[in-house]
Amino acid sequence: MSETDFMDPLNSELEHATLTKLEETNALTTPRAVWSIQTMILGTGIIALPYAIAQCGFYGGIVALCLVGVICDFTSRLAINVGVEAGVDNYELLGFRLWGHCGFFLVTTFALLIEFGALTSYLIVIGDNLSQAAEHFNE
């Protein structure tokens with residue numbers, strides 16, 4: 001198996017047609033993707049950062065924050081470079097390009113689980129805060 005076979009696994013007409021259809025139906029633009037990721041990261045960070053620093057202590061929390069930042073930067077750059085090499089601009093098509101239909105569904109499933117987890121944590125925090133606010137106003 002040569003390097004070009006790894007980077008271009010579209011060996012059949014059907015897989016090529018599927019990739020073309022996925023690219024055509026993908027309505028997510030780069031600004032919308034950046035906005036979505038930014039709001040998710042900021043929202044989760046606002047919720048989690050005070051708790052994490054309280055658990056680690058101030059200096060331990062700062063070290064952990066810097067370490068996570070470096071890891072996120074590395075993995076983001078790695079994902080971008082692989083996407084550029086594969087000639088795609090989103091995670092789902094990258095999964096399809098590298099591992100076919102199985103990769104597409106795997107990436108889509110993990111994205112769904114991440115979004116579900118973030119939204120669940122938002123609902124928990126909102127519920128806790130609203131119940132505390134309601135108790136305060138009932139006094």
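I take helices to be DSSP runs of at least four residues and strands to be runs of at least two, numbered from the N terminus. With that settled, I note that the model is predicted, and that its protein chain holds five helices and zero strands.

**Overall layout.** Reading along the sequence, I find the pattern α-α-α-α-α. I looked up how much of the chain is covered, and of its 139 residues 16% count as buried. The accessible surface comes to about 10800 Å², and 70% of that belongs to carbon and sulfur atoms. I also checked the contacts between residues at least 6 apart in sequence, and 57% of these join residues at least 24 apart.

**Helix H4.** I asked what span the 29 residues of H4 should have at 1.5 Å a residue. The expected value is 42 Å, and since the end C-alpha atoms are 42 Å apart, the two agree. The buried residues of H4 that I noted are Gly 61, Gly 83 and Ala 86. After H4 comes Gly 87, and its phi is positive, near 80 degrees.

**The loop before H5.** Asn 90 sits in the loop between H4, which covers 58-86, and H5. Is Asn 90 buried or exposed? I count Asn 90 as buried because its relative accessibility is 14%, and the cut-off for buried is under 20%. A side-chain oxygen of Asn 90 comes to within 3.3 Å of the backbone nitrogen of Glu 92, at the start of H5, and the side chain of Asn 90 also reaches the backbone nitrogen of Leu 93 at 2.8 Å.

**Helix H5.** For H5, residues 91-138, I compared the span with that of a straight helix of 48 residues, which would cover 70 Å, and found only 48 Å between the end C-alpha atoms. Where is the kink in H5 centred? I find it centred on Trp 99, with a value of about 150 degrees. I then listed buried residues of H5, including Leu 93, Leu 94, Gly 95, Phe 96, Arg 97 and Leu 98 ahead of the kink centre, and Gly 100, Gly 103, Phe 104, Ala 118 and Tyr 122 after Trp 99.

**Cysteines.** I searched the whole structure for disulfides and the result was zero. I looked up the accessibility of two cysteines as well: Cys 56 counts as partly exposed at 45% relative accessibility, and Cys 72 is partly exposed too, with a relative accessible area of 40%.

Key: Residues numbered from 1 in each chain as written. Heavy atoms only, no water. Buried < 20%, exposed > 50% of the residue type's maximum accessible area, 1.4 Å probe, protein only. Contact = heavy atoms within 4.5 Å. Areas by Shrake-Rupley, 256 points an atom, 1.4 Å probe, with all protein chains shown as cover. Expected span 1.5 Å × (residues − 1). Bend = angle between axes of the 7 residues up to and from the residue. Polar contact = N/O pair within 3.5 Å; in protein donor to acceptor, adjacent residues only side chain to side chain. Disulfide = S-S within 2.5 Å.
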